[in-house]
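Here are a few notes on the cavities, the pockets and one helix pair, for when you have the model open. Have a look and see whether you read the picture the same way.

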Amino acid sequence: MRFCSPLTIIALSVLVHATQAAAQPPGNAADPLRIAVEKALQSNPEVTAKFNAYRASADAVDVANGALRPRLDVNAAVGIDENRISSRRPEAESLRRTGLGLSLTQLLWDGLGSKREVERASHDRLSRYFDLIETTEQTSLEAARAFYDVLRFRKLVALAEDNYVEHRYASQQIQARFRAGVGRGVDYEQANARLALAESNLTTETANLHDVMARYLRVIGEVPPPALGTLTVLHLGLPGSGSEVLDRAVSQSPAISATVESLRAARLTAQVRESAFQPRLEARVRSGFGNNFDGVRDQRRDSAAELVMNWNLYNGGADQARVRQQANLITQSEDLRDKACRDVRQTAAIAFNDTRKLTEQLVLLDRNTIAIEKARDAYRQQFDIGQRSLLDLLNSENELYTARRAYANAEYDRALAFARTHAGMSQLTSQLGISRPLGLEDDGKAWSVGDDSPHRCPADTISLPSIDIEALAKRVPTLAEPAKPAP
């Protein structure tokens with residue numbers, strides 16, 4: 001059994017689809033996101049499992065090639081033959097024999113079954129290669145998701161801590177007023193209730209942080225460091241339109257390429273099945289020597305050269321059934337190819353739309369947060385001079401916390417949407433600057449989909465009308481003018 005070195009696993013685990021050479025500028029080598037993704041590719045068991053499957057498929061090609069090469073066998077035997085022939089006296093005869101022989105067999109014709117099997121194994125190897133590339137992209141995306149989520153929930157914990165501090169300060173104010181006899185007991189209870197809710201929110205965010213850190217450990221293979229750096233947004237290298245994103249996603253998708261190669265392998269398997277209806281012709285050369293060789297008295301050497309043909313005429317209908325079975329498997333492979341295309345288009349379309357939507361939302365959420373913060377400050381000043389109730393102040397604090405939390409989630413969702421879009425186009429690793437090592441064999445370098453492109457994969461793009469705020473404003477009912485007082 002052969003074992004690969006860790007460096008070889010690392011090299012193959014960061015393979016990039018050949019068409020990704022369209023280039024993205026290399027990322028900063030010190031980028032924390034890039035470092036996290038590289039660690040995931042080096043240690044994630046799913047990547048190494050796909051790599052080992054790829055190596056096994058390469059060995060399967062060598063196995064299939066063996067059927068086309070000569071077969072050389074050495075055989076030796078020592079034994080006793082006892083014969084009983086009634087027409088001969090004595091009837092019983094015992095013969096001791098020894099022998100050592102050498103035979104050479106070469107396949108001449110088997111209906112091209114062995115040749116087709118080699119081609120099938122080669123397509124299966126390409127399918128495993130593209131599976132490895134797809135797993136690399138998806139693992140990179142999962143590492144980016146884990147990285148962003150740890151940053152996200154650390155920020156949400158910080159926001160929950162600030163919210164708790166504000167509520168505790170308000171609770172202490174009410175408690176001081178109540179003890180001084182200038183506040184009401186119900187205000188004190190209300191403040192304590194909101195303080196308990198703020199503490200509950202903090203506990204929830206802390207639990208969520210633990211969960212995403214556990215996922216980070218699973219995907220990347222180590223506990224996230226105390227400082228992950230700032231948020232990295234991969235906004236460069238994207239096409240300007242959704243249709244171009246979908247075209248690149250389909251043309252560069254290793255998932256689709258893998259299903260195409262599986263389809264080609266299935267077709268060749270059908271041809272292998274059909275070869276069973278043709279004769280098998282072999283050339284054989286054998287020679288041996290010994291004492292009473294081959295059970296013939298006094299024979300010391302025997303050599304032969306022959307052509308051997310075997311033609312199976314009937315085996316219970318199994319060969320016909322295998323051909324019908326493979327025809328159905330070919331149709332299944334076509335279905336899986338078309339499904340993969342639809343999945344790729346959907347994933348890329350949603351991710352790219354999220355980048356646009358969340359970019360617009362961040363502007364509105366920022367405006368909302370600033371306005372609520374100003375209102376909260378005004379409410380606090382008015383509460384201090386008795387012009388606002390405690391409930392108004394606590395509601396403004398909760399509203400500000402909710403607004404800040406919504407902005408933080410949108411900020412990290414947007415960064416993740418850019419990563420999802422790059423992964424949808426199979427270029428996330430190259431966008432991060434993780435490239436294929438020089439000199440590494442690239443099985444997909446000259447690959448082409450040819451006539452096997454997906455047939456049931458709609459090329460339509462979804463277009464939504466832009467939101468017309470002015471038109472919506474015109475639909476607002478006109479307020480009636482207040483009646484003038486009678487003179």
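The points below go from the enclosed spaces to a helix contact and then to the open pockets.

1. First, a reminder that this is a predicted model. It holds 2 cavities of 30 Å³ or more, and the largest has about 70 Å³ of space in it.

2. Who lines that largest cavity? The residues are L159, D162, N163, E166, R376, E397, L400, Y401 and R404. Two elements, α4 (113–179) and α9 (390–424), give two or more residues each. By class, the lining splits into 5 charged, 3 nonpolar and 1 polar.

3. The second largest cavity comes to about 30 Å³. Around it sit E166, Y169, A170, Q173, R380, L393 and E397, with α4 and α9 again as the elements that give two or more residues. α4 puts in the most, at 4 residues. Here the classes come out as 3 charged, 3 nonpolar and 1 polar. Worth a click: E166 and E397 are listed in the lining of the largest cavity and also in that of the second largest.

4. Next, the helix pair. The axes of α7 (residues 254–274) and α8 (residues 318–384) come within 9 Å and cross at roughly 170 degrees. An angle over 145 degrees counts as roughly antiparallel, so α7 is roughly antiparallel to α8.

5. As for what touches what, the α7 side of the contact includes A255, I256, T259, V260 and L263. Facing them, α8 brings residues including V323, I330, L336, A340 and V344. The contact of α7 with α8 has 12 nonpolar, 6 charged and 5 polar residues. Among the charged ones are R267, R273 and E274 in α7, and R322, E334 and R337 in α8.

6. On to the open spaces. The largest pocket has a volume of about 1,000 Å³. It is lined by 28 residues, and N353, R356, I462, S463 and L464 are the closest to its centre. α6 (242–252) and α8 are the elements giving two or more residues, and α8 gives the most, with 12. The lining divides into 12 nonpolar, 10 polar and 6 charged residues.

7. Finally, the second largest pocket, with about 250 Å³ of space. Of its 15 lining residues, D110, V272, S275, A276 and R280 lie nearest the centre. At least two residues each come from α4, α7 and α8. Its lining has 6 polar, 5 charged and 4 nonpolar residues.

Conventions. Residues are numbered from 1 along each chain as its sequence is written. This is a predicted model: local features need pLDDT of at least 70, side-chain atom pairs count only at pLDDT 80 or more; totals for chains, interfaces and linings use all residues. Side-chain values use heavy atoms; hydrogens and water are left out. On a 1 Å grid over the protein atoms alone, a cavity is a set of points where a 1.4 Å probe fits but cannot get out, and a pocket is an open set with protein on both sides within 12 Å along at least five of seven lines; lining residues have an atom within 4 Å of a point. Grid points are joined across faces, edges and corners, and a volume is the space filled by probe spheres set on the points. Axes are lines fitted to C-alpha atoms, for helices over the stretch in contact, and angles run from 0 to 180 degrees between N-to-C directions. Angles under 35 degrees count as roughly parallel, over 145 as roughly antiparallel, 65 to 115 as roughly perpendicular and the rest as oblique. Contact means heavy atoms within 4.5 Å.
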